[in-house]
Amino acid sequence: PARLFRPAGAPSRLAVRGGDDGAAEASAEEEDDDDDDDDDDYEFQAAPTLSTLKVGQQFDGVVQRVLGNGVFVDIGADTDGYVPRSKMAPGRVTNSTEELAKIGDTVTVWVSEVSEQKFVLSMAKNKIVSVPAGPRANITDFVGEQAWLDGSVVGIQNFGAFVQVSPSSGVGSFQGLVPRSQMLEGGGFVTVADVVSLGQKVKVRVLEVDVKKNKLSLSMTGASLMALAELGEDTWIPGIVKSVVKFGAFVQVAPPEGSEGGPIDGLLHISQIVGGKPEELEEGQEIEVRVLNADAKANKLALSMLEKGAAPVVPGMDEWMALGNDTWLEGTIQNLANFGAFVDVKHPETNNKVSGLVRNSEIANERVEDPGEFVEVGQEVKVRLVRALNGKFDFSMVERSAAPPPPPGPRRPSRPTAEQVAELAALGDDVWLAGQVVDVKAFGAFVQVAAAEGGTPMQGLLHVSEMGETRVQDPTELFKPEQEVKVRVISVEAETGRVSLSMREKASAEPVGAGAAEAA
């Protein structure tokens, strides 16, 4: 039978549904007489049937039944279509079906699945998924798969596209996800719906197989990168500057003629630009580049304008070399390693910062085995530049001439031995010792003490809560390096050699602030 249909999205003036006796019943809303001849929104066409429905078709229908797990919608076909609750709204559906639709509601739906006896609809365009008939492949069939596979887009989400694909063995099919980052060669932000559409045939490769979770990750990228990776590092290829950024430029290149894949954007880092000045490049400019790295798995391409073997360009290198190795600079220790200390150094004129290494041999005028015995992270030090090569900086804290270098700051003592720790622990917490302030921090002061006169000095922490009967807000106002103080040992950790000190009388056993907290 033929029926009169309103295309999806047209003004709602006519609803078509099957009556109890199977005949079509049409109900029209009352309209003004002067609109009677305005039928541009209508077309006369055959009613859809199970044999003519196609995945992705859009209809306006009327909700006929509401169940706990979904609703039935009449789109004018010979039977109602079913909308599962999971397809009644975009994203995760937490509302009940009664909250999402009511009997008599007009809703826009898309055909999701069609079989010989029924069809499934979706009220969310991004949840149209078509699972082809036939056997299901085993996830293990894709382990070690190296070939490019033919797939069909069956679902679109904002984070990627679901693609139905068969292994190269050709037995069955399986649904995998192509993440958004794997849809365009070279990566970058994309809107999934702008790249693929439902039903589109695509070439994919296996990115990852998670047998335990039964998940298959796919990629539409890699053909261009694989072809470019085969080029030697001394092969120059043409490129077009697509955009210029602070840290370099993005350049579009193409794989060798006859290779699979198309143009791809790669990063030309500032260190690989002649002169280190990306601002001298212009969008649309044609340049010659080499492939430094083509990583198909990470979907990244690195390019260079420098000759093979040339040192990377470090912007502002000339300003550092002009200082010479006799200029003392301000630095801050950032990290420690067994071979030296890493330091951030500021240029005295431009305030530009670089990171470099102070090797053990350049920390002090004596043998250094543990840098942590001389400097600590966050400590401010004086350094001079001794070497700058290929963008790497070496600094020194010592002066090789007769003149001594500026003091590097308080030296941290070696970790005490078990015997030395035992000597302190044996004193008891009521014995007062003469100590000398070594360093002052916001949380307390490090004080050097010895168990007996002439004994081996050890360093302990005098916390702010143990500096007096009232809490000290700023230790730097009360203590200075080399200041003499009287302290007593209140705890010793034998395993770590950590010593805690106090300037408070033993009767005030409770740390300052603790009693107030309990009272509160």
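Is Asp-394 buried or exposed in this predicted model? Select Asp-394 and compute its accessibility: at 10% relative accessibility the residue counts as buried, where buried means under 20% relative accessible area, exposed means over 50% and partly exposed lies in between, with a 1.4 Å probe and protein chains only.

Before going on, note that this is a predicted model, in which local features need pLDDT of at least 70 and side-chain atom pairs count only at pLDDT 80 or more, while totals for chains, interfaces and linings use all residues. Residues are numbered from 1 along each chain as its sequence is written, and side-chain values use heavy atoms, with hydrogens and water left out.

**Salt bridges**

Keep Asp-394 selected and add Arg-359, since the side chains of these two residues meet in a salt bridge at 3.4 Å, N to O; the term stands for a side-chain nitrogen of Lys or Arg within 4 Å of a carboxyl oxygen of Asp or Glu. The pair links distant parts of the chain, with Asp-394 in strand β24 (residues 392–396) and Arg-359 in strand β22 (residues 353–359), 35 residues apart. Strands here are DSSP runs (E, at least two residues), numbered from the N terminus. Arg-359 counts as partly exposed, at 39% relative accessibility. Adding Arg-387 to the selection completes a network of salt bridges that links Arg-359, Arg-387 and Asp-394.

Next, select Glu-330 and Lys-382, whose side chains meet in a salt bridge at 2.4 Å, N to O. Here too distant parts of the chain are linked, as Glu-330 lies in strand β20 (residues 329–337) and Lys-382 in strand β23 (residues 380–389), 52 residues apart. Glu-330 is partly exposed, with a relative accessible area of 44%, and Lys-382 also counts as partly exposed, at 28%.

Then move to Asp-150 and Lys-203, which form a salt bridge with the closest N and O atoms 3.0 Å apart. Asp-150 sits in strand β10 (residues 149–157) and Lys-203 in strand β13 (residues 201–210), 53 residues apart in the chain. Asp-150 counts as exposed, at 57% relative accessibility. The structure holds 8 salt bridges, counted throughout.

**The barrel**

Colour strands β15, β16, β17, β19 and β18 in that order, and you will see 5 strands that close into a barrel with mixed pairing. The twist averages 50° from one strand to the next, with axes taken as lines fitted to C-alpha atoms and angles running from 0 to 180 degrees between N-to-C directions. Within the barrel, zoom in on strand β17 (residues 264–269) and strand β19 (residues 300–304), which run parallel and are joined by 2 bridges; two strands pair if DSSP finds at least two bridges between them. Leu-268 stands opposite Leu-303 in β19.

**Strand β25 and its partners**

Select strand β25 (residues 432–441) with strand β28 (residues 484–493), an antiparallel pair joined by 5 bridges, in which Gly-435 has Val-485 as its bridge partner. β25 also pairs with strand β26 (residues 444–449), in the antiparallel sense over 5 bridges, and a hairpin of 2 residues joins these two strands. The bridge partner of Gln-436 in β26 is Gln-448.

**Confidence**

Finally, colour by pLDDT, the predictor's confidence in each residue from 0 to 100. The chain has a mean of 78, and 80% of its residues reach 70 or more. Confidence is lowest in strand β3 (residues 24–28), at a mean of 36, and highest in strand β6 (residues 70–74), at 95.

How values were computed. Helix = DSSP H or I, 4+ residues; strand = E, 2+ residues; numbered from the N terminus.
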